[in-house]
Amino acid sequence: MIRLLLAVSIILAGSPAEAQTDTNHFNTDSTDVLLADSTITATLVLQLSEDSTRILLDWTLGDSINVILERAGNDSVFATIGSFDPTINSFTDSGVSPGDWYMYRLLNGDSMKDLGAGASVEVPFPIEESRFFRTERTNALLLFLFYAATIVGYISIAKRGAQLFIRKIAGLDAVDEAVGRATEMGRKVLYIPGIMSVDNIQTVASMSILGYVAGKTASYGTNLEVPNKDPLVLATAREVVKEAYLKAGRPDYYNDDMVNYVSYDQFAFTAAIQGLMTREKPATNFLIGSFYAESLIMAEAGNASGAIQVAGTAELAQLPFFVVACDYTLIGEELYAASAYLSREPLILGSIKGQDLAKAVLVGLIILGVILSTSGQQWFADFFIQR
Amino acid sequence: MRRQIAVLLCFLTGFFVVVAFFIEQDPIPDINEKLDELLVIVFAFALVLGVVSFLQHHSKKIRRRDKGWTSSVISISSLVIMALLGIFESSIRGTGIIGDRTTFDWLFNWVFTPLQATMFSLLAFMIASAAFRAFRIKNIEAAVLMVAAIIVMLGRVSIGQVIFPQSLAISEWIMNNPNLAAQRGILIGAALGAASMAIRVILGIERPYM
Amino acid sequence: MKIGGIDKRWVYLLVAIGALIPIIKPLGLPVLSTPAVEALFEKIESLEPGDVIMLSFDYGPSSAPELDPMAESILRHCFQRDISVVVVALFPLGGDNQAKIALNKIVPEFPVVEGEDYVYLGYKDGGLAVLRRMAEDISIVFPQDNRGIPLEDIPLMQRVQNYSDTELSVSLATGIMGEWWAILVNAQFGQPVAVGATAVSAPKYYAYLKAGQMLSLLGGLKGAAEYETLIGEHYPELKERSQIATRGMDVQSIVHLIIIGFIILGNIVYLISRSERTRAGGRLASK
Amino acid sequence: MAAFLTLAIYSFLYKDNPVYRFAESIFVGISLGYEIGLVFYRTIWPNLVERLIANPGPNWYLAIGGILGLMLYCRYIPKISFLGKWALAVYIGYFVGVELMQRLHGDVLPQIKDTMLPLNGPFWGSLQNLLIVVGVLSVLIYFYFSKPHTGILKPISKVGVYFIMICFGASFGYTVMARISLLIGRLTFLVDGWVRPMIALIFGSS
């Protein structure tokens with residue numbers, strides 16, 4: 001990250017040609033690291049070879065002295081890479097690797113004082129002409145193929161009518177009960193699909209759950225309101241709710257205003273929801289999707305208004321707040337399994353089964369990795385992160 | 001038929017992105033980039049849907065003289081004022097820097113920003129009432145939750161270190177060990193769940209767009 | 001609205017009072033200073049009157065509550081000891097404004113003259129490239145100061161050409177900018193660098209402090225409060241004014257204690273009501 | 001004005017009231033109005049209109065974005081309302097694909113790698129590593145859906161629950177400080193920017 005920014009800022013600073021080389025002369029009389037020698041002027045010029053495999057260094061000195069060339073890498077720790085007598089004034093460093101950042105400086109070879117000449121460069125990745133496959137993503141490809149295969153495999157098993165078990169998830173058992181409660185009390189059900197757009201997969205999962213909840217409110221004839229922060233979620237939620245009402249045979253109960261728009265600002269949205277929960281006192285609040293700081297404000301307002309609250313998110317930082325302020329909370333993976341659990345659709349259940357199998361294999365891989373790391377075999381773990 | 005086309009479109013774009021993740025050969029990265037750019041525009045168009053819904057929602061309340069309809073009048077008028085100022089007067093058109101010259105800037109600096117900050121700061125109160133209500137030793141799990149919270153809270157402030165000198169060290173240890181492990185576990189699980197969800201959507205088993 | 005027999009508005013009220021009291025009148029709860037902060041204080045103590053330091057505003061309004069108090073304390077410390085300050089701003093989203101706010105507040109407190117005791121060079125875009133150029137010649141980056149006066153006409157800048165003419169650089173930074181000072185200005189040019197960081201980024205910076213690439217690290221409100229305490233101990237005449245972070249830490253301590261107190265109280269109420277219910281022969285409460 | 005709005009929001013803590021409702025309504029309207037200008041001048045204008053006018057040749061593809069955007073409006077016309085679903089299908093399909101690979105490549109692989117910790121170092125360090133490994137595995141097993149949590153799974157997932165509870169408690173406690181900082185910011189604004197000047201005004205400046 002640091003290096004990336006470095007590269008960017010160097011490029012910002014000048015033309016691409018300048019971006020590759022950079023020279024500095026400076027004199028310092030107070031340094032922590034080394035005493036500086038300001039009596040001799042020195043300049044160091046750095047040039048990157050065209051194929052980005054070597055760095056060519058040239059220096060000029062105001063006096064005939066021996067010099068020591070030092071290099072530092074990404075860790076900024078300098079180490080000597082050569083010492084030279086006054087007849088030599090250049091050096092080619094071929095031990096550089098692409099993507100790394102290098103700094104060079106010259107020291108007076110006799111007094112070991114810093115001559116105040118330094119230069120640095122980030123070695124770019126060589127541009128390969130026709131690279132088809134990103135080999136560094138082999139691990140991701142293997143994981144993807146394996147994962148997709150187990151899921152698709154179990155889906156086809158499910159298609160053939162195998163009975164699939166799914167364990168109890170408390171938050172999801174509560175959905176029917178919560179909608180039923182609203183019906184009895186004659187109050188509305190509030191469904192808040194988070195604050196992120198449909199480009200966030202938590203929102204997509206939330207749309208699935210909304211479809212189920214809307215189906216319930218349609219068949220019970222309960223009021224449903226879905227206020228939105230994101231306009232694309234508004235569009236999506238309308239399709240989902242409308243479809244659910246259609247399927248439940250109650251298209252007459254649906255109107256566009258059930259799914260309405262509040263504001264694009266996170267806290268304006270929060271202020272409106274807080275007010276709505278307090279004034280209209282919905283019997284049931286669903287807070288399902290991607291939430292940030294507003295999670296606790298909304299959940300507390302809902303709690304104060306006496307609603308049953310079912311929350312669900314995969315945002316780690318917000319989970320504690322939902323857990324303390326809501327009656328039921330879907331934690332991370334449970335959010336994504338909800339559509340399977342609620343719909344009991346065999347195909348979706350199949351994918352959950354496949355997911356679990358993959359998880360078991362990953363647990364095995366972690367244990368294997370721990371054993372191998374313990375016995376000094378780091379290559380196995382390293383395979384999981386490649387650059 | 002229309003439905004199948006929607007499912008097909010979803011499958012094609014989703015599958016394309018997965019392929020594009022691995023392939024560096026043109027024109028795939030190029031198409032991917034262009035898709036990304038043009039979808040930003042789709043997003044911008046959606047805002048009109050939001051504004052229309054907003055106006056409908058509030059004008060309905062005003063028409064029916066619903067409870068609190070005056071609030072709807074205020075909402076609509078402040079929307080119109082800010083939108084007009086934003087389009088004709090605003091600094092976001094030019095430099096993009098909110099200054100202190102125009103009415104738009106004034107509304108931004110003295111109405112919008114303080115409202116945001118104040119709403120955000122309500123959390124300090126909410127966190128106190130939530131802690132007070134929820135942290136009850138109902139069972140061992142709840143007790144574990146509470147003890148972890150109290151230790152970490154003590155570890156964060158200087159007076160906590162006066163009351164309980166080890167709190168800083170213990171809270172750092174909690175953050176870096178059991179907390180890290182659980183976060184990692186939740187993260188891996190959630191990532192797998194998300195990926196499985198994504199596969200279902202791409203395959204058309206779940207269709208959250210209809 | 002009621003929790004365990006107590007209206008939760010009492011909780012709100014106590015939190016509000018707990019936060020307001022220290023803001024109105026600081027309590028001066030103990031703030032123990034740490035070596036990481038003492039290092040900067042002692043460095044400035046060790047300078048001679050007339051020495052120059054550079055102070056860079058590398059943050060915006062969102063980090064202001066944590067970093068403003070540091071800026072104010074450091075400026076006070078320098079002005080008190082007749083140390084000259086070259087102020088720059090490198091953060092694009094509001095660095096300029098923060099620098100002006102701090103200078104407008106602190107300068108009137110001391111008999112200092114702009115251009116002689118301090119100078120504000122304004123904001124410059126370009127991040128690392130700017131840091132690099134200033135090692136050669138500050139006037140390449142900032143040809144004139146914030147008032148539009150060319151640097152060669154400013155007495156203070158006649159003494160300062162680049163880092164080597166200053167004794168220390170202090171960066172009050174948000175995000176990555178503090179790292180830039182460490183890996184570039186310190187590592188490459190050998191300039192002593194101290195960094196004031198937000199509480200969020202401070203842990204990341206400890207590695208630089210350990211490696212010696214940062215002379216000192218002030219982390220968040222606590223770091224600022226430590227610096228204020230050090231100033232208050234050495235210069236009692238400044239103590240009254242240097243209280244912003246200290247009272248912030250007072251608020252933190254008090255409100256944390258209030259919350260913990262409420263948790264304990266809540267449990268006592270809960271346990272009593274549960275034992276009463278058990279005695280009455282009821283089922284163990286479960287919800 | 002800012003002080004009044006700040007107090008208006010805080011008044012909600014006592015109870016819902018017309019002043020809060022007023023602040024809420026203004027907030028909602030202004031924020032959405034601001035967004036309209038922002039989206040127009042930051043997205044529609046520079047990313048679509050300007051680029052199409054200036055250089056339609058290489059930028060033709062941006063028009064597809066515009067067309068997909070317009071398709072969203074088709075839902076107002078019953079006959080072609082299905083076109084809106086098509087636009088959403090493309091949008092969701094794309095980002096679901098992005099998330100799929102991001103989660104697998106960016107979350108699963110590195111987190112798994114980081115959990116493969118050696119257990120043969122110094123005693124204390126190894127013990128901490130073991131704790132992390134046990135924590136990650138037990139939490140993963142807690143999320144196992146397709147088997148009832150009986151037999152060996154029961155105690156393991158129970159351990160997972162304890163880890164999750166420590167995590168939630170610690171994260172909660174850790175966040176308190178940041179939230180109070182926000183409150184300090186607002187109260188300092190009120191006291192220093194408003195209350196103190198008022199007192200000075202009334203009782204004469206000191």
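Two strands pair if DSSP finds at least two bridges between them. I applied that rule to strand β9 (residues 189–192) of chain A and strand β10 (residues 224–228) of chain A, which pair in the parallel sense over two bridges. The model is a predicted one.

**Entry: the sheet in chain A**

I looked up the bridge partner of L190(A) in β10(A) and found E225(A). I then traced the sheet, which is open, has six strands and runs in the order β11-β10-β9-β12-β13-β14 (chain A), with parallel pairing. Its edge strands, each pairing on one side only, are β11 (259–261) and β14 (328–331) of chain A. From one strand to the next, the twist averages 15°. I also noted helix α6 (residues 231–247) of chain A, which packs on the sheet and touches β10 and β11 of chain A. The direction of that helix makes about 170° with that of β11(A).

**Entry: chain A as a whole**

I counted 12 helices and 14 strands in chain A. Chain A has 387 residues, and 50% of them count as buried. I checked the contacts in chain A with a separation of 6 or more: 68% of them are accounted for by residues 24 or more positions apart.

**Entry: A337(A)**

I placed A337(A) in helix α10 (residues 333–343) of chain A. Is A337(A) buried or exposed? The residue is buried, because 29 other C-beta atoms lie within 10 Å and the cut-off for buried is 20 or more. Setting aside residues up to four places away in sequence, I found that A337(A) touches I169(A), I352(A), G193(B) and F145(D). I also looked up A337(A) against I157(A): they are 180 residues apart along the chain, and their C-alpha atoms are separated by 18 Å.

**Entry: nonpolar cores**

The largest nonpolar core has 253 residues. I listed the residues with the most contacts inside it as V241(A), Y91(D), I92(D) and L104(D). The element that gives the most to this core is α4(B), with 19 residues. A second, separate core has 82 residues, including L90(C), A99(C), A173(C) and L230(C).

I followed I92(D) further, leaving aside its neighbours within four places in sequence. In chain A, I92(D) is in contact with V198(A) and V204(A). In chain B, I92(D) is in contact with C10(B), V201(B), P208(B) and Y209(B).

**Entry: contact of chain D with chain B**

I found that this contact takes 96 residues from chain D and 97 residues from chain B. On the side of chain D that touches chain B, α1 (2–14), α2 (18–54), α4 (62–72), α5 (82–115), α6 and α7 (153–203) of chain D each supply at least two residues. Which element gives the most to that side? It is α2(D), with 25 residues. I split the residues of that side into 65 nonpolar, 22 polar and nine charged.

**Entry: contact of chain B with chain A**

Here the contact takes 45 residues from chain B and 53 residues from chain A. On the side of chain B that touches chain A, α8(B) gives the most, with 15 residues. I split that side of chain B into 30 nonpolar, 11 polar and four charged residues.

**Entry: confidence**

I read an ipTM of 0.85 and a pTM of 0.81 for the complex, as given by the predictor. For chain D the mean pLDDT is 90, and 99% of its residues reach 70 or more. Among the elements of chain D, I noted the lowest mean pLDDT (85) at helix α3 (residues 56–59) of chain D and the highest (94) at helix α6 (residues 123–142) of chain D.

Methods:
Residues numbered from 1 in each chain as written. Chains lettered and ligands numbered in written order. Predicted model: local features only at pLDDT ≥ 70, side-chain atom pairs only at ≥ 80, totals over all residues. pLDDT = per-residue confidence, 0-100. Helix = DSSP H or I, 4+ residues; strand = E, 2+ residues; numbered from the N terminus. Contact = placed C-beta atoms within 7 Å. Nonpolar A, V, L, I, M, F, W, Y, C, P; charged D, E, K, R; others polar. Core = buried A, V, L, I, M, F, W, Y, C linked by C-beta atoms within 7 Å. Buried ≥ 20, exposed ≤ 12 C-beta atoms within 10 Å, placed from the backbone. Axes fitted to C-alpha atoms, helices over the stretch in contact; angles between N-to-C directions.
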